[in-house]
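I opened a fresh page for this structure and wrote down what I looked up, in the order in which I looked. The entries are meant for someone who has not met it before.

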Amino acid sequence: MVMGPTHSMSGAAVGLAVAQLIPASWGGVTSPAEAFVFAGIGAGAALLPDLDSPQATASRSFGPASIGLSHLVENSAQALVNVTRTPQDEYCGNGHRTATHTIWFAIAAGLACSALVAIGGKTATIALLFFFLGLGLRGLFPSWSKQNDWLAISALSLGIALAVWQFVPASASPAAIGCAVAVGVLTHIFGDWLTKAGVPMLGGVVTVNGKRWWDFGAPGALRISANGTADQFLLGLFTLMVGYEVFLIGSGRTIADSLQAIGG
């Protein structure tokens with residue numbers, strides 16, 4: 001798979017870009033504080049699919065709670081694959097990189113978070129920020145997180161989430177938050193699509209060559225190795241993207257303004 005830092009940074013970059021492209025009247029980014037919220041949610045959402053593996057770094061973000069959740073997700077994914085597989089599909093003995101690595105999961109996660117914000121408003125937004133920050137911190141700073149107990153990660157996530165409380169509008173847009181989560185998950189799936197193993201992005205619904213859990217992968221020349229040169233290049237590229245986007249928002253502009261200027 002693509003390494004955690006690349007997943008998280010790509011989620012932050014793409015989620016932030018989508019949030020800026022959404023009109024302000026629909027809940028798009030209008031301030032640096034809101035930009036941080038979307039970047040944090042996108043970074044964590046890009047690690048959400050790996051909660052299907054108790055051994056994954058993200059699964060240790062909140063200690064026993066997230067590890068227990070990870071076991072539940074892994075077992076549920078495994079059961080889903082075995083219920084929906086065709087005779088051509090192999091028996092699934094491990095749910096990792098299956099159900100949570102599909103576009104259907106990305107859509108479901110986005111809709112679920114959108115519904116939470118619609119019901120809970122600002123409180124739900126801060127709660128989601130706390131959760132996704134915990135995942136994102138594990139992904140963005142693996143060396144640091146390994147040296148710190150999960151309680152420290154949780155405390156830092158909670159502290160940051162509470163710190164932005166006063167800067168977040170009381171009526172956060174459910175659609176914008178849901179989109180940030182969905183695209184974060186999708187960037188993870190795309191990152192794994194670039195690897196040699198591929199990913200069953202249409203699993204459970206679309207049958208390919210007699211298999212309902214067919215692994216799709218990039219053309220051979222485009223496939224990358226985890227923590228290899230290409231992975232490090234992507235990490236640097238997405239880091240620059242995040243920096244540029246934050247600069248735009250800090251100067252009162254958005255990507256949409258830049259695109260409009262380029263188009264004349």
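**Entry 1: a pair of helices.** I began with a crossing, keeping in mind that this is a predicted model. I noted that helices α1 and α7 cross in a right-handed sense. I then looked up which residues make this contact, and found that α1 brings His-7, Ser-10, Gly-11, Val-14, Gly-15 and Val-18, while α7 brings Cys-179, Val-183, Gly-184, Thr-187, His-188, Gly-191 and Asp-192. Sorting the residues of this contact by character, I wrote down four nonpolar, eight polar and one charged.

I next looked up the geometry of the pair, and found that the axes of α1, which covers residues 4–21, and α7, which covers residues 174–193, come within 8 Å and cross at roughly 135°. An angle over 145 degrees would count as roughly antiparallel, and 65 to 115 as roughly perpendicular. The angle found here belongs to neither range, and I therefore entered α1 and α7 as oblique to each other.

**Entry 2: the chain as a whole.** I stepped back to ask how many helices and strands the chain holds. The secondary structure comes to nine helices and zero strands, so that reading from the N terminus I could write the order of elements simply as α-α-α-α-α-α-α-α-α.

I also looked up burial, and recorded that 49% of the 264 residues in the chain are buried. For contacts between residues at least 6 apart in sequence, I noted that 70% join residues at least 24 apart.

**Entry 3: cysteines.** I searched the whole structure for disulfides and found zero. I then asked of two cysteines whether each is buried or partly exposed. Cys-113 has 8% relative accessibility and counts as buried, because the cut-off for that class is under 20%. Cys-179, which I had already met in the contact of α7 with α1, has 32% relative accessibility and therefore counts as partly exposed.

**Entry 4: Phe-36.** I closed with a single residue, and first asked where Phe-36 is placed. I found Phe-36 in helix α2, which covers residues 32–45. Its relative accessible area is 33%, and I therefore listed Phe-36 as partly exposed.

Which residues does Phe-36 contact, leaving aside its neighbours within four places in sequence? I wrote down Leu-133, Ile-160 and Val-164. I also looked up the distance from Phe-36 to Leu-16, which is 20 residues apart from it along the chain, and noted that their C-alpha atoms are separated by 8.4 Å.

Notes: Residues are numbered from 1 along each chain as its sequence is written. This is a predicted model: local features need pLDDT of at least 70, side-chain atom pairs count only at pLDDT 80 or more; totals for chains, interfaces and linings use all residues. Side-chain values use heavy atoms; hydrogens and water are left out. Axes are lines fitted to C-alpha atoms, for helices over the stretch in contact, and angles run from 0 to 180 degrees between N-to-C directions. Helices (H or I, at least four residues) and strands (E, at least two) are DSSP runs, numbered from the N terminus. Angles under 35 degrees count as roughly parallel, over 145 as roughly antiparallel, 65 to 115 as roughly perpendicular and the rest as oblique. A crossing is left-handed if the near helix is turned anticlockwise from the far one by less than a right angle, and right-handed if clockwise. Contact means heavy atoms within 4.5 Å. Ala, Val, Leu, Ile, Met, Phe, Trp, Tyr, Cys and Pro count as nonpolar, Asp, Glu, Lys and Arg as charged, and the others, Gly among them, as polar. A disulfide is a pair of cysteine sulfur atoms within 2.5 Å. Buried means under 20% relative accessible area, exposed over 50%, partly exposed in between (1.4 Å probe, protein chains only).
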